[in-house]
Amino acid sequence: MRKLIAGNWKMNGTSADLPELAQLASTHSGSSVDVVICGPATLLSRMADTGLKIGGEDCHPANSGAYTGDISAAMIADTGATYVITGHSERRTDHAEDDALIASKTEAGWNANLHVIICIGETEAQYRAGDTLDILRAQMDQSIPDAATAATTTIAYEPVWAIGTGLTPTPDEIAAVHAALREHLKTRFGSEGAQMRLLYGGSVKASNADDIFALPNVDGALVGGASLKATDFSPIITALQ
Ligand code: PEP
């Protein structure tokens with residue numbers, strides 16, 4: 001399987017930031033791993049012009065219609081993007097998105113020929129209570145539609161308490177969670193589950209990337225803050241290669 005490193009710019013970025021992408025594109029063209037930047041809808045077309053793989057950060061489950069302010073998967077694909085994130089914890093928390101909605105958005109992404117990165121993750125309280133694996137298995141069962149394949153779908157494990165905090169689980173904890181996620185995917189999807197990429201996300205930076213990428217069943221990363229500047233993101237990409 002080809003490894004994947006995806007940046008998530010969140011609600012950051014204007015045209016002034018496009019040179020960051022041009023620099024990434026020239027440094028990592030021909031990379032042995034897939035490099036994707038998921039950015040704000042307002043920038044996607046111009047991001048795609050850099051030649052990098054581009055993704056949306058969310059999509060609506062419907063193709064079109066009376067949904068003021070929303071963006072459909074088809075619109076994202078129309079910009080030249082080939083990926084979309086669904087189920088990011090900031091969507092789950094700030095927009096009260098549940099697993100059923102995330103599954104619908106995922107199907108919408110596939111219907112628009114987008115590769116979907118489905119995010120799952122436990123809160124700090126769930127982590128402290130020792131409920132991490134139960135929460136993750138339930139999120140996978142309900143937010144990953146039955147038709148998922150390795151070609152269309154990537155799973156990103158992002159502990160909510162690790163996103164943007166500088167905190168990460170220990171390498172042993174990440175390895176144990178990813179091993180359990182892999183088993184769960186294999187049980188449900190067979191050989192497709194064995195091949196489906198499993199990303200880690202949450203405060204990945206150049207200083208911890210080598211340790212995280214050395215772990216079994218970690219097939220790449222979803223990176224927020226450290227994807228905004230080429231000088232921060234580039235060494236993380238290099239660490240995965
Ligand atoms: C994210 O937003 O998906 C993320 C992992 O953020 P950060 O890398 O900043 O923790």
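This is a short walk through one predicted model, from its strands to its annotated sites and its core.

Hello everyone, and thanks for coming. Let me begin with confidence. The chain has a mean pLDDT of 97, and 100% of its residues reach 70 or more. For the complex, the predictor gives an ipTM of 0.98 and a pTM of 0.98.

Now please find strand β4, residues 83–86. Which way do its side chains go? Y83 and I85 point one way, V84 and T86 point the other way, and all of them are buried. On one pairing, β4 meets strand β3, residues 53–56, in the parallel sense over 2 bridges. If you look there, you will see G55 opposite Y83. Between these strands comes helix α3, residues 73–78, and β3, α3 and β4 together form a right-handed β-α-β unit. β4 also pairs with strand β5, residues 115–120, again in the parallel sense, over 4 bridges. In that pairing, T86 has I118 of β5 as its bridge partner.

Let's move on to the annotations. Which residues does UniProt list for "active site"? The record, an unreviewed entry, names H88 and E158. They are spread over 71 residues of sequence, yet they cluster in space, with a largest C-alpha distance of 8.4 Å.

Take H88 to start with. You will find H88 in the loop between β4 and α4. Is H88 buried or exposed? H88 counts as buried because it has 27 C-beta neighbours inside 10 Å, and the cut-off for buried is 20 or more. Setting aside residues up to four places away in sequence, H88 touches E57, D58 and C119.

E158 sits in another loop, the one between β6 and α8. E158 has 25 other C-beta atoms within 10 Å, so this residue is buried. Leaving out residues up to four places away in sequence, its contacts include S89, C119, G201 and L222.

The same kind of record, an unreviewed UniProt entry, has a "binding site" annotation covering N8, W9, K10, G164, S203, G224 and G225. These positions span 218 residues of sequence but cluster in space, and the largest C-alpha distance is 14.2 Å. Let's look at two of them. W9 lies in the loop between β1 and α1, and with 21 C-beta neighbours inside 10 Å it counts as buried. Beyond its neighbours within four places in sequence, W9 is in contact with I37, C38, G39, P40, S227 and L228. G225 is in the loop between β8 and α11. Why is G225 partly exposed? Because G225 has 19 other C-beta atoms within 10 Å, and buried would take 20 or more.

Next, the core. In soluble globular proteins, nonpolar side chains tend to be buried together. Here the largest nonpolar core has 62 residues, and Y157 and I236 touch the most other members. Helix α11, residues 230–240, supplies the largest share of this core, 6 residues. Not counting residues up to four places away in sequence, I236 touches a set of residues including I5, V204, A221 and V223.

One last stop: S143, in helix α7, residues 132–143. S143 is buried, with 25 other C-beta atoms within 10 Å. Outside residues up to four places away in sequence, S143 touches G87, D99, I102, A103, I118 and I120. We met I118 earlier, as the bridge partner of T86. T168 is 25 residues from S143 in sequence, and their C-alpha atoms are 24 Å apart.

That's the tour. Thanks for listening!

Definitions and conventions:
Residues are numbered from 1 along each chain as its sequence is written. This is a predicted model: local features need pLDDT of at least 70, side-chain atom pairs count only at pLDDT 80 or more; totals for chains, interfaces and linings use all residues. A residue is buried if 20 or more other C-beta atoms lie within 10 Å of its own, exposed if 12 or fewer, and partly exposed in between; C-beta atoms are placed from the backbone. Two strands pair if DSSP finds at least two bridges between them. A crossover is right-handed if, with the strands pointing away from the viewer, the path from the first strand over the helix to the second runs clockwise. UniProt positions are given in the numbering used here, feature names are shortened, and annotations may be inferred rather than shown by experiment. Two residues are in contact if their C-beta atoms, placed from the backbone, lie within 7 Å. pLDDT is the predictor's confidence in each residue, from 0 to 100. A nonpolar core is a set of buried Ala, Val, Leu, Ile, Met, Phe, Trp, Tyr and Cys residues joined through C-beta atoms within 7 Å.
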